[in-house]
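Biologist: I'd like a close look at one part of this protein, and then a walk outwards from there. Could you take me through it in plain words?

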Amino acid sequence: MPGKDDSSDKEKHFDLFLKIGLDERTARNTVANNKVTANLVAVIDEAGVADGCNRIVGNLLYMVATKYPANALVHRPALLQYIVSSKIKTTAQLDAALSFFGVAASEDFKLNEFEEACGVGVEVSEEEIERAVNEVFEENKNAILEQRYRTNVGELLGHVRKRHPWADPKIVKQFVDAKLYGLLGERTAADDEKPTKKKKDKPAKVEVKTVAAVTPEQPSEEDLNPFLIFPQPEENFKVHTEVFFSDGSILRCCNTKELLEKHLKATEGKVLTRFPPEPNGYLHIGHAKAMFIDFGLAKDRGGGCYLRYDDTNPQAEKKEYIDHIEEIVRWMGWEPLKITYTSDYFQDLYDLAVELIRRGHAYVDHQTPDEIKEYREKKMNSPWRDRPVAESLRLFDDMRRGLIEEGKATLRMKQDMQSDNYNMYDLIAYRIKFTPHPHAGDKWCIYPSYDYSHCIVDSLENVTHSLCTLEFETRRASYYWLLHVLGLYQPYVWEYSRLNVTNTVMSKRKLNRLVTERWVDGWDDPRLMTLAGLRRRGVTSTAINAFVRGIGITRSDNSTINLDRLEYQIREELNKTVARAMVVLHPLKVVITNLEAGSIIDLDAKRWPDAQTDDASAFYKVPFSNVVYIEHSDFRMKDSKDYYGLAPGKSVLLRYAFPIKCTEVILDDDKETVLEIRAEYDPSKKTKPKGVLHWVAESSPRVDPLKVEVRLFERLFLSENPAELDDWLADLNPESKVVVPNAYAVSLLQDAAVGDRFQFERLGYFVVDRDSTPEKLVFNRTVTLKDSYSKVAK
């Protein structure tokens, strides 16, 4: 735990970062990262703004702290003065400055060249920006009219930036948005439809210069079928791993012709893989990648995949976990060839351990865990390493019969204590544990280790491809050494990179702590990256599998994937598959004064964006009465140019209904809190406001709409990689779960069942939670509508 001084420093730094205009979340995220904190504090000190500065300057200073090239630190104070004096005031200018110094390094530079490279002193007027926007639209008018609101706005902004690289990006965006609206008018339902492939192939689009940049490249064979990298079973006679021993000898791992023929006869040449989780916790999204590879390869080759419980540690295993794993594997869409347990082979493993001793490759050791650790670090042999084979056989039998105390003896493999590979330092094969086994009962008081059992059970089950994550790569030598000295069939071993996702933890130890210490609400808490948690959040197995497939199964050991990418995949699927509905989270009452009280107008609302008017099932009825509710956040007392909500004297369109105009605002006694809005509606719909709001109405006088509870989930941790933090629990996001107890919903939702998914218009995607009761439905937010990944990807 951090000391008082450490906590005090963090609070000081947090206050300092707020002073320079960082938002609260960024400030807290920064103080959790010691390196960034140190850099930012130094930058603030060099810039002389310890007493504070405006937000624009503060954000640029943060950018310097996180991106400044280390080879040019001598020039950093000069750059900071340019920022503080507002000579450099945009991210585009700062990016150019960072690039300039990255090249200049510590060498002297010419001031005029630096200022020219960064656009210092260049002022771009609004008239110049507007003129550039008009030129870009004129050049791309045909494409914009054809693509309408599917036009890639980023490309338009890029064309303007080429003309005026130092223009204020916010002003550029405002002009582009206004021009787009002026050219196209209101957004229609057709604008929300996905573009068809045929449109991409139209000759007319070939003439547009930007098409070549956005046309996807032809996917490679490996992209179409990621399993092509794996050899066929009959090829497993080739040497693909060499184990180097300290005496100069080399073990070239491969199967003999006889062993391979025996194996192929038993398997009929089919691919057999295994998915071998430990039943000591719930599976997370990293296991989804393992399943995709293990089950996916077998399915691709017409073979089968074992679901094998690696149950060699009876103290950590529970039936709850065993049942969960089997159920979640099937939910993910995979069907095991057979469900097996390592404990099914305990007798075989014991018999082979006896044979290992007989062949002189194992011995009973009496060193303590600390002594074993010390001797391994010093590459020293155990004092019992060369004891007679007969003595080790007798002692191992005593271990099996419970005649030796727990912790007083282990069986160790006699490998190579002088090897360069730490995993060849006489690994433990068996240890004593007087603990009944969940699957095998109380028959055994000695249990095999992973390093001993895993490779042998792979061989006994005739697994063709033993696939695991990269941290096991150094164990490959031990894997093949053991099978070689026992004369057993050797599967093909291949390692792939782990899947890690930002803003969460994946270690079972950390997950278990979050659950047992009640930082979260169980293994299926929707904030966790457990598969049970993702399912409860409303994520589908097909979205998870598509996400995993998109990442690929490479060996690159840099597989921390931004959570945005997963959320993008989830949105892609839910957008096509779930019905729309309207829900108001924080209701603000609006009384329609020119509609008679008690009068109800039944309107049609779309379940789907592309609903056809002749398909009644694509619509649901919503009542429009003289009392409707909108979001509190959709009303302001003061209007502004870039605001599309309701304000005094302003009109908005209620989705699927009518335009309304705010005529009066009822305030509380404090003259600030808005209690109620009075408005008039336009039954002729001649008014054409820009803003469109979702809403819910009273279906009869003085009867509230359907009340539901809505749970808004955010990222569980503030930092991208909380596992690296010393006090990782302090990085938990206090806003990761916000409960809205009394939201208003349309009556369409009253019959929703647990697991039903919806898009709440303008809010996001939601699923009915198992905590729902007949009296009140509970919805979990799966993901928001905002999508940052696809913008970055483009």
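Which strands does helix α17 lie across, and at about what angle does the helix run to β3?

Modeller: Keep in mind that this is a predicted model. Helix α17, residues 285-300, lies across β3 and β4, and its direction makes an angle of about 165° with β3.

Now for the sheet those strands belong to. It's an open one, built from 3 strands in the order β3-β4-β5, with parallel pairing. At the edges you'll find β3 (272-275) and β5 (338-341), and each of these pairs on one side only. On average, neighbouring strands here are turned by 30° against each other, if you ignore direction. Follow β4 (residues 304-309) and you'll see that 4 bridges link this strand to β5, in the parallel sense. One spot to click on is Tyr-309, whose bridge partner in β5 is Tyr-341.

Next, the cores. The largest nonpolar core has 54 residues, and Phe-624 and Trp-695 have the most contacts inside it. Leaving out residues up to four places away in sequence, Phe-624 touches a whole list of residues, including Ile-592, Leu-595, Leu-654, Phe-658, Tyr-681 and Trp-695. Tyr-341, the residue opposite Tyr-309, is not in that core: another one, of 49 residues, lies apart from it, and among its members are Tyr-341, Tyr-492, Tyr-496 and Phe-547. As a general point, nonpolar side chains in soluble globular proteins tend to be buried together.

There's another sheet to look at as well. This one is open too, with 7 strands in the order β23-β20-β21-β22-β16-β19-β24 and mixed pairing. Its edges are β23 (692-693) and β24 (696-697); each has a single partner strand, so one side of each is left without a neighbour in the sheet. For β24, look at β19 (residues 627-631): the two run antiparallel and are joined by 2 bridges. Tyr-629 stands opposite Val-696 of β24.

Since you work at the bench, a word on cysteines. The structure holds 0 disulfides. Cys-118 is in none, and the nearest cysteine sulfur, which belongs to Cys-53, is 19 Å away. Cys-118 is also buried, because its relative accessible area is 0% and the cut-off for buried is under 20%. By that cut-off Cys-445 counts as buried too, because its relative accessible area is 11%.

Terms used: Residues are numbered from 1 along each chain as its sequence is written. This is a predicted model: local features need pLDDT of at least 70, side-chain atom pairs count only at pLDDT 80 or more; totals for chains, interfaces and linings use all residues. Side-chain values use heavy atoms; hydrogens and water are left out. A nonpolar core is a set of buried Ala, Val, Leu, Ile, Met, Phe, Trp, Tyr and Cys residues joined through side-chain atoms within 4.5 Å. Buried means under 20% relative accessible area, exposed over 50%, partly exposed in between (1.4 Å probe, protein chains only). Contact means heavy atoms within 4.5 Å. Two strands pair if DSSP finds at least two bridges between them. Axes are lines fitted to C-alpha atoms, for helices over the stretch in contact, and angles run from 0 to 180 degrees between N-to-C directions. A disulfide is a pair of cysteine sulfur atoms within 2.5 Å.
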